Amino acid sequence: MIRVVIIGGGNVATHLAEAFFKVKEVNLIQMYARKLTQIEHFKNQTAITNNLRLLVAADVYIIAVTDNAISEVSLHIDKKNSLVVHTSGSTPLNSLKNNGGKGVFYLLQSFSKNRKVNFNKIPFCLEAENKQDLKLLKTLAETIGKKIYTINSEQRKTLHVAAVFVNNFTNHLYKIGKDICKKNQIPFEILHPLIKETAKKITVLSPEKAQTGPAKRNDEKTILNHLDLLNKEQQKIYQIITKSIQKNEKEL
């Protein structure tokens, strides 16, 4: 049984804790958060603390805090025979400053506390300083997931940028679409089937083959009509993306 301590009380920490509690191969023996209110709902399932000096001995310490706090938190984990990992997509492995083993346990997914996730469908991107620690991380990941990848810090950094484009930026475009609908008294839910179909299509087609719309067709009349309907900020975004699509079509 793998003894685990989770450091953090946010979305990733919460979902990992809930998943580990369901498997017999993992013993989540403690959770830490600066504010105990973030993790007090777990107090009947594991020990909780808001003092890093009171961390108990474990096989793996999972740091699930904000990126700029990872190094500082790792300095307080003085467990030479234990593996300390962080869950950040953009932070290199060497940001960990503990004396023992170091690794990364990055889950490529967007987490919200009140939304259930299926870990079997989430990619686990793992990294460690040596084969033994990497094997331990793979074993830990396999207790709750199926999609396991060995990704180094440089690869993970670029992967995180790609994820920002397909997730964060895309979500912002949804927000713009919602604003346009709201301004014209149109229910945003009308666009839901299109959003779902677009996401589904990209799993069976390449982005190049899945691309449709006026930019791909070089339909200047429709593009100009669209620009007339948008505010200045929306026009800038529309034009940048349109030009990028058109450039890509010329290169194909």
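This passage describes the overall form of one predicted protein chain, several of its residues and one of its pockets.

The model is predicted, and local features therefore require pLDDT of at least 70, side-chain atom pairs count only at pLDDT 80 or more, and totals for chains, interfaces and linings use all residues. Residues are numbered from 1 along each chain as its sequence is written, and side-chain values rest on heavy atoms, with hydrogens and water left out.

The C-alpha trace of the chain spans about 65 × 40 × 30 Å along its principal axes. Its secondary structure comprises nine helices and eight strands; these are DSSP runs numbered from the N terminus, with helices being H or I runs of at least four residues and strands E runs of at least two. The chain exposes about 15,800 Å², of which carbon and sulfur atoms supply 52%; accessible areas come from the Shrake-Rupley method with a 1.4 Å probe, and for residues only the protein chains shown count as cover. Of the 252 residues, 37% count as buried. Here, buried means under 20% relative accessible area, exposed means over 50%, and partly exposed lies in between (1.4 Å probe, protein chains only). Contacts, defined as heavy atoms within 4.5 Å, were also examined along the sequence. Among contacts between residues at least 6 apart in sequence, 53% join residues at least 24 apart.

Strand β1 (residues 2–7) contains I2. With a relative accessible area of 11%, I2 is buried. Apart from neighbours within four places in sequence, I2 is in contact with E25, V26, N27, D59, V60, L136, T139 and L140. The C-alpha atoms of I2 and T143 are separated by 9.9 Å, although these residues stand 141 residues apart along the chain.

Residue I62 belongs to strand β4 (residues 60–63) and is buried, at 0% relative accessibility. Neighbours within four places in sequence aside, the contacts of I62 are V4, V5, I6, I7, L16, F20, V85, T87, F105 and L140. One of these contacts, F105, is 43 residues from I62 along the chain, and the two C-alpha atoms are 7.6 Å apart. Another, T87, is placed in the loop between β5 (83–86) and β6 (101–107). Although it is in a loop, T87 is buried, with a relative accessible area of 13%. Not counting residues up to four places away in sequence, T87 touches V12, L16, I62, I63, A64, F105 and Y106. Both L16 and F105 thus appear among the contacts of I62 and among those of T87.

Helix α4 contains Y174, which is partly exposed, with a relative accessible area of 33%. Outside the neighbours within four places in sequence, Y174 is in contact with F188 and I195. Between Y174 and I202, which are 28 residues apart in sequence, the C-alpha to C-alpha distance is 17 Å.

Two residues that are not glycines have a positive phi. For Q185, phi is about 55°. This residue lies in the loop between α4 (153–183) and α5 (192–201) and counts as exposed, at 75% relative accessibility. For N218, phi is likewise about 55°. The loop that holds N218 runs between α7 (214–217) and α8 (220–228), and N218 counts as partly exposed, at 48% relative accessibility.

A disulfide is a covalent bond between the sulfur atoms of two cysteines. A search of the whole structure, in which a disulfide is a pair of cysteine sulfur atoms within 2.5 Å, finds zero disulfides. Of the cysteines, C125 is buried, with a relative accessible area of 2%, and C181 is buried, with a relative accessible area of 8%.

Rolling a probe the size of a water molecule over the atoms shows where empty space is left. The second largest pocket holds about 240 Å³ of space. Of the 13 residues that line this pocket, E18, A19, K22, V117 and F119 are the closest to its centre. On a 1 Å grid over the protein atoms alone, a pocket is an open set of points with protein on both sides within 12 Å along at least five of seven lines, whereas a cavity is a set where a 1.4 Å probe fits but cannot get out; lining residues have an atom within 4 Å of a point. Grid points are joined across faces, edges and corners, and the volume is the space filled by probe spheres set on the points. The lining consists of five nonpolar, three polar and five charged residues (Ala, Val, Leu, Ile, Met, Phe, Trp, Tyr, Cys and Pro count as nonpolar, Asp, Glu, Lys and Arg as charged, and the others, Gly among them, as polar).
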